[in-house]
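Notebook open, coffee poured. I wanted to look up how the chains meet and how some helices pack.

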Amino acid sequence: MSVADRILGIILLLLALVCLVEGIRVWDGMGGTGFMPVIMGVVFGTLSLGFLVSRSQNRESPPIPWPTKGNWQKIGFISLSLVLYTLLVPWIGYLIGTTLFLIGLVRAMGRVRWGYGLIFGLVATGFTYIIFKIWLNMPFPVGFLGV
Amino acid sequence: MATFDLLVNGFSQALTPTNLLFALIGSILGTLVGVLPGIGPTSGIAILLPLTSFLPPTPAIIMLAAIYYGAMYGGSTTAILVNIPGELSSVVTTLDGYQMARQGRAGPALAIAAISSFVAGTMGIIGLTFFAPPLAEVALQIGPPEYFGLVILALSVVVSLSGKSLLKGFASAAFGAFVALIGIDLTSGQKRFTLGNTELVGGVDFIAVIIGLFAIAEVLRNIEEATPSIYSAPLKSLMPKLKELWECTGAMLRATGVGFFLGILPGCTPGAISFIAYDLEKRVSKNKDQFGKGAIQGVAAPEGANNATTSGGFVPLLALGIPPTPALAVLLSGFMIYGLQPGPLLFEKQPQFVWAVIASMYIGNVMLLILNLPLVGLWAKMVAVPYYIMGPMILLFSFIGAFSVRNNFFDVWTALFFGFLGYLMDKVKVPTTPMVLSLILIPMLESALRQSLSMAAGSPVLLFTRPLTLIFLIAGVLMTIFSLYARYRKPKIKEHLLGDKEEAK
């Protein structure tokens, strides 16, 4: 049994407990609100046993192909950009937030020049703004500048 | 022959310049709605509904209907090119369509999607033309116990979507079921798994989940692999070979049957039906090992099924006034705006209108084929766009797509969470497709189970005594047993199912 399988088994066991507790909390009879959560608790429990007491423990599990250090940095930067963008765009608005987000991403992914990144950021932001905000009237966040 | 005469009459109406123009506008807008990840047919029709108010009813409904079936054509484009399903019904198309694009076969994938959509869509309309009233009556006989059986049958697909580890496939499906249960229970009004969070009360939207699992996770994978572009060598042929077209004929016909007949049933969404069509195709195919790796039938089947579903959906809408999908419910409100009440009386009182709409659907499908095939070359070139451009654009469209679901940031966070989860699941070889399948099916299962139990005063007897329910349940059990048997007993079939000769030893 690999470490990943063991972790999966533990996660499933926790989910089983969560489902059973929630199912019992809202139980209002057979086929009621708590019925499916209880069923799911049993399913998760059975699956977790499958992982934790798996026959594959005698077999060598292939190693998980985690990224290299350099790739971790790249993935970390992109993930952080996504999180920051989602956090900040309500405050700084769609136009500014998206332009900065795209410039950062295109530079991180392609190591392109600042000028190229700036043009790409402005064009792509403008294009999506016209389609989604102006044409489809999507309520993008405007931010403190009101744009 | 009365139906045929009425249809000819309908064509004479549908072929007027005004009606042709609005069928064309609807087809173009529908394709656009399908391509854009932030907008689906339901919201597309809802947004454009007020704009049709200046039109007479016939061109208005022709246009709105064209948006609906046009979206099914467009939904496959982004699924094939960048692994973002434009519509829920295109989730399955990503499995083989995106793989084809990565092999430089985006052109044939897009073309077969358009051709299969056309064939199945048109055959579905033939069914709608000649069998709408009797089929609608049959559909009405299907109650909650039959739905329960049908969902169990559909859930048996999990086995064949599980890849190499059945346990991991089931774990993925179970997690999808868990996510589907989050939120307020509409029957009792009780909250489940919401942890006191008001955002979770409305539940987790599956569009945000799909965007995360497919689009965001794929970008993270491509960053890791330092992909220069989705496909960098010169593109191979843009059209499928005649042999491939011939091989897809069966897939298109089967997809038509599955899509049309299940599409008639209210509540059977194109998303769920495309999974069933894909699984059926995989089961009957001689090249099972190619599914998931770029099998052209793996694109033809779900794309055909979702178009046949749209045609099937018009059967209960026009014949009974029952909209089987949310998009058709919005279309029904379009009928209401004009004082038209779909149902048996509509065929009697407004035959010119009904038959003009039906005839326009034949024309619209031809228009969509003509619109989509020449665009194949243009779209296919997108796979060569450098990934440092494509990646940020996919992430931006993912953000917009998730935000547009309910215009809030909770869905964006959901998409991000499932993006990271999808990436990790890929690392530990847990398939994501079973999760999506159960996310779609579990709410249907729960609702059907509850209604069935309340029909029999809390007893599950109805689930095992109604003939059609029993047939579905037995078919589901048999399909599961066959798949399990194939996995663990017969090396040759196992080899096909798993697509790995080493595993079969």
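Below are my entries on the chain contact, the salt bridges and three helix pairs.

**Ground rules.** I'm working on a predicted model, where local features need pLDDT of at least 70, side-chain atom pairs count only at pLDDT 80 or more, and totals for chains, interfaces and linings use all residues. Residues are numbered from 1 along each chain as its sequence is written, chains are lettered from A and ligands numbered from 1 in the order in which they are written, and side-chain values use heavy atoms, with hydrogens and water left out.

**Chain A against chain B.** I looked up the contact (heavy atoms within 4.5 Å) and got 62 residues from chain A and 56 residues from chain B. The buried area is about 5000 Å², with carbon and sulfur atoms giving 83% of it; that is accessible area, 1.4 Å probe, lost by the two parts on being put together and summed over both.

**Salt bridges.** My criterion was a side-chain nitrogen of Lys or Arg within 4 Å of a carboxyl oxygen of Asp or Glu. Over all chains I get 15, and the count between chain A and chain B is one. Asp5(A) and Lys168(B) form a salt bridge at 3.8 Å, N to O. I also looked up Glu224(B) with Lys427(B), where the closest N and O atoms are 2.8 Å apart. Glu224(B) sits in helix α11 (residues 206-224) of chain B and Lys427(B) in helix α19 (residues 409-427) of chain B, so this pair ties together parts 203 residues apart in sequence. Helices here are DSSP runs (H or I, at least four residues), numbered from the N terminus.

**α3(A) on α11(B).** Helix α3 (residues 69-92) of chain A packs on α11(B) at about 150 degrees, axes 9 Å apart. Axes are lines fitted to C-alpha atoms over the stretch in contact, and angles run from 0 to 180 degrees between N-to-C directions. α3(A) is therefore roughly antiparallel to α11(B) (the cut-off is over 145 degrees). On the α11(B) side I find Ile216(B), Leu220(B), Ile223(B) and Glu224(B), and Glu224(B) is also the salt-bridge partner of Lys427(B).

**α7(B) on α20(B).** The axes of helix α7 (residues 144-155) of chain B and helix α20 (residues 433-455) of chain B come within 8 Å and cross at roughly 150 degrees. These two are therefore roughly antiparallel as well. By class I count 16 nonpolar, three polar and no charged residues in the contact of α7(B) with α20(B). Nonpolar means Ala, Val, Leu, Ile, Met, Phe, Trp, Tyr, Cys and Pro, charged means Asp, Glu, Lys and Arg, and the others, Gly among them, are polar.

**α12(B) on α14(B).** Helix α12 (residues 242-263) of chain B and helix α14 (residues 297-320) of chain B pack at about 30 degrees, with axes 6 Å apart. Residues meeting there include Gly259(B) and Gly263(B) in α12(B) and Gly304(B), Gly312(B) and Gly313(B) in α14(B). The class split is nine nonpolar, nine polar and one charged.

Conventions: Angles under 35 degrees count as roughly parallel, over 145 as roughly antiparallel, 65 to 115 as roughly perpendicular and the rest as oblique.
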